[in-house]
Amino acid sequence: MTAPGDRQVQELAALAREHRIDALIERGWRTEPADLGAAIAQLALSEQQTILPAFPAELAARAIAGLPALAAANVLAALGPAADAIVARLADQDAVRVLRAAPPAMHAQWLEHCARRADVERALTFAADQAGGVMTVRCVAVGAADTAAFAAEAVRRQLVEGRPIGAVFVTDAARRLVGQLSFAELLLAPAQQQVRELMNEGVIAATSADSLDHVAALMARYRLTSLPVIDDAGRLLGCIPVDVALDHVRTAATEELLQFGGASSASGWRGAVKDRAMRLYANLLVAFFAAAVVYFFHDSIVRVVALAVWMPIVAGLGGSAATQALAQAVWRRSRGTSRAEENRAIVEEVWIGVLNGAAIGVIAGGVAVLLGETWRLGLVVFLALAANLAIAGCLGAVAPRALTRMGVTPAAAFSPLVATAVDVTGLLLLLGLGTVVLL
């Protein structure tokens, strides 16, 4: 079943391909930027170069805002001088997003046409994953001595200009953040009542250097629709709307999912080849360790061929257990758990590994005996599985913390570090115990 938004995107794209510009413009004004951008994204670059200059600059800016950053930058670069009028009408956040993805040669030209160049340049001094890099300075701020009527008029002006409002922030004479107003209190308050009598002084805020992970966690924890951003002196710099935090969470979740599979969101086949090749080289390097273990015990394998049958079972089950523990650890870290909670979780994962390993080891060892092997081989399989699953749980739980300290994304832990480590320990346990017990 096609969703209404998807159907609208297809209809807009069809109008563009048929060069029905007037109908496309008329529909475009009544379309969300995300849908308009999705329709433009379906066109070839040559079609985009024809369609967008025919739009009013304001509508073209809405279409650009609905495109992914790299696609928007590529389209604007292809438009040449026609892009200047569009850039001039981009919101600060959209201009920053596009400039980050644009070729450096375009920065000076586009910055010259930004409506609020100083604010855009200041945002570009921060990293893309910092609060200062995504905040908007266009938020409603009033003084503590102002009246409710004055604050209500400030909100009205913002709404008339079509800017989203998440909250009304209160500052002192030095523009330090001192409080926040709820819309309900503002609407119900007498017109001449001072803001300081209405405001809530317990304001949750982020600093400009805070990460977007921290910002998203704050907004989710306190259910905020807008988060103020302050400097080290407590002065209000801007605010971050909830949609920015949601975009970050969605992007981060997608990237983590890709990294669990050993891939990434690299653009184009060249980027994908480079990124995956580096991971495959790392996999090859650490896989040599597992091969070295097998080679070291090759005499034992020759003398007890049945050990070779159980090698993939012990290693595979260990990898599965490590994946489960790692997924839980990454999920816990995304919720902002404390160090004490992480330590308790590590102990729990070890116990889970021991119990599951013992249960599965009993079954696997029993199967070995039923297949005609000696009870000693069954014991070796049992001990190897029990110990390897306990180690897998510990490694999966500890890896995100260790890799974060090394500057590596926790979701990348399974490929290849944890998986290979568990393979090596599983083979060492099985072949080592087999050599001691059976030979």
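**Close-up views of a predicted model**

**View 1. D92 counts as buried, with a relative accessibility of 9%.** Buried denotes under 20% relative accessible area, exposed over 50%, and partly exposed the range in between (1.4 Å probe, protein chains only). The model is predicted: local features require pLDDT of at least 70, side-chain atom pairs count only at pLDDT 80 or more, and totals for chains, interfaces and linings use all residues. Residues are numbered from 1 along each chain as its sequence is written, and side-chain values use heavy atoms, with hydrogens and water left out. D92 belongs to helix 8; helices (H or I, at least four residues) and strands (E, at least two) are DSSP runs numbered from the N terminus. Apart from neighbours within four places in sequence, D92 is in contact (heavy atoms within 4.5 Å) with R116, D119, V120, V137 and R138.

**View 2. Helix 9, residues 104-113, has M106, W110 and L111 buried.** These residues lie on the same side of helix 9, because they cover an arc of only 130 degrees around the axis, taken from the directions from the helix axis to the C-beta atoms. An α-helix has 3.6 residues a turn, so residues three or four places apart point the same way. On the other side of helix 9, A105, A108 and E112 are exposed. The cover over the buried residues of helix 9 includes helix 6 (69-79), helix 7 (83-88), helix 8 (92-101) and helix 10 (117-124).

**View 3. The largest nonpolar core comprises 41 residues.** Such a core is a set of buried Ala, Val, Leu, Ile, Met, Phe, Trp, Tyr and Cys residues joined through side-chain atoms within 4.5 Å. The residues with the most contacts inside this core are I51, L52, F55, I64, L76 and W110. With neighbours within four places in sequence left aside, L52 is in contact with I40, A60, A63, I64, V75 and L79. A second, separate core of 29 residues includes V314, A322, A384 and L430.

**View 4. H19 and its loop: H19 is not a glycine, yet its phi is positive, at about 55 degrees.** The loop that holds H19 runs between helix 1 (4-17) and helix 2 (21-29). With a relative accessibility of 46%, H19 counts as partly exposed.

**View 5. R175 has a positive phi of about 65 degrees, although this residue is not a glycine.** Strand 2 (168-171) and strand 3 (177-181) flank the loop in which R175 lies. R175 counts as partly exposed, at 37% relative accessibility.

**View 6. R223 sits in the loop between helix 14 (212-222) and strand 5 (226-230).** The relative accessible area of R223 is 76%, and this residue is therefore exposed. R223 and V242 are 19 residues apart along the chain, and their C-alpha atoms are separated by 9.3 Å.

**View 7. The protein chain as context for the close-ups has 21 helices and six strands.** Of its 439 residues, 42% count as buried. Among contacts with a separation of 6 or more in the protein chain, 66% come from residues 24 or more positions apart. The protein chain exposes about 22,600 Å², and carbon and sulfur atoms supply 61% of that area. Accessible areas come from the Shrake-Rupley method with a 1.4 Å probe; for residues, only the protein chains shown count as cover.
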